[in-house]
Amino acid sequence: MTAADTKAAGPPVSPTRDPQVTGPRLSDEDGTGPRVQKRKRKKGALLPYFLILPAIVAIAAVYLYPLGKTVIMSFQDMGRRELWSGEPAPWVGLEQFTNILGDSEFWWVTFRTVVFMAVCVTLTMAIGLLVSLLMRRLSTWVRLVLTFCLIAAWSMPLMVAASIFRFMADSDYGLINTMIAKVVGEDFLGHNWYLNPLQGFTIIAILVVWGAIPFVVVTLYAALTQVPKELEEAASLDGASGYGVYKYVTWPVIKPVFTMVATLSVIWDFNVFGQIWLLRGNKPEPEYETLGLYSYSKAFESTSFSQGTAIALITVLLLSGVAVYYLRQLMKTGEVE
């Protein structure tokens, strides 16, 4: 090789280094490699599911398992013999549902339940809204005293509240009869409110509304505190009346909370059981039966457990539409927030 050839060839070229590798190579052995990082991220993503797993198991044991047994029993003919002997109940298919839906008594009980629920929810929401609006205009110490009284009434056990109302409506020594007798005359003493189902349901409705108002008032007042006072003052300066301020400023803010509380009240009042049961001395007459009491009567007094579970399952299906609406309102509220 000549000198010219060596000059043309140029100096030897050193091998190029990978531009991506600028430092020490990461390895999976020291815990910093990509595979290890991927496994750590996967464990972090699964952690919330492990944390709520005990709650899911508890809910499945308390709710899902009894619901599954109820569904199965509604397609059987479970009687006292099968219950005590442990023998498998015969399958009857849709016979229980056919008998229930073809019974006129079931539809009268359903109608009575819906009317009672509608009256209680309407009174509860109307009185609760008025009291919550009133609390905004009260002084601080008066509002605190009222809130304490509401919470005390809310925390009162149902048995105690029912005993008080039962005494107040007593035919001989009740406070209601005594006060009315001072106006209409002594002949009203001894009046039995429960001989007429309409009057009896009035006493029961008062107890239901009285027990539900504290939750509604506290919840709606909390929603009212979120209404911007600047908007209300601006609407008043623009010439809006008090009703106009409420309609166009206050109501749009509290409407989602009002809707959710009303939906919960529908579910609770539709399933009223304890109030009627306690006020009627643990033996409610057929005229006072709602769907919950009707299901209990069929299951334990008539010893037709499958028919009672079928009525309970129909009640769940009737309330499922309300539950879906409630969940939709929750999702809408989350989207707004």
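A salt bridge is counted here where a side-chain nitrogen of Lys or Arg lies within 4 Å of a carboxyl oxygen of Asp or Glu. The model is predicted. By that criterion, the structure holds 2 salt bridges.

One salt bridge joins the side chains of Glu232 and Arg136, at 3.1 Å from N to O. Glu232 belongs to helix H10, residues 229–237, whereas Arg136 sits in the loop between H5 and helix H6 (140–155), so the pair ties together parts that are 96 residues apart in sequence. The two partners fall into separate accessibility classes. Glu232 has a relative accessible area of 14% and is therefore buried. Arg136, at 30% relative accessibility, counts as partly exposed.

The side chains of Arg280 and Glu285 also meet in a salt bridge, with an N to O distance of 2.7 Å. Arg280 is buried, at 17% relative accessibility. Glu285 is partly exposed, with a relative accessible area of 27%. The cut-off for buried is under 20% relative accessible area, so 17% qualifies and 27% does not.

Nonpolar packing was examined next. The largest nonpolar core has 31 residues. Among those with the most contacts inside this core are Ile100, Phe106, Met125 and Val216. Ile254, Leu291 and Ile311 belong to that group as well. Two or more residues each come from helices H4 (95–101), H5 (104–135), H9 (197–224), H11 (242–270), H13 (291–301) and H14 (305–336). H11 gives the most, with 9 residues. A second, separate core contains 27 residues, including Met135, Phe165, Ala205 and Leu207.

Contacts of individual residues add detail. Residues up to four places away in sequence are not counted for Val216, which touches Thr124, Met125, Gly128, Val261 and Ser265. Thr124 is found in helix H5. Its relative accessibility is 0%, so Thr124 counts as buried. With the same sequence exclusion, Thr124 touches Val209, Ala212 and Ile213 in addition to Val216.

Ala310 lies in helix H14. The residue is buried, with a relative accessible area of 0%. Leaving aside neighbours within four places in sequence, Ala310 is in contact with Ser74, Gln96, Phe97 and Ile100. Ala310 and Gln96 are 214 residues apart along the chain, yet their C-alpha atoms are separated by 6.6 Å. Ile100, one of the contacts of Ala310, is also among the residues with the most contacts inside the largest nonpolar core.

Technical notes
Residues numbered from 1 in each chain as written. Predicted model: local features only at pLDDT ≥ 70, side-chain atom pairs only at ≥ 80, totals over all residues. Heavy atoms only, no water. Core = buried A, V, L, I, M, F, W, Y, C linked by side-chain atoms within 4.5 Å. Buried < 20%, exposed > 50% of the residue type's maximum accessible area, 1.4 Å probe, protein only. Helix = DSSP H or I, 4+ residues; strand = E, 2+ residues; numbered from the N terminus. Contact = heavy atoms within 4.5 Å.
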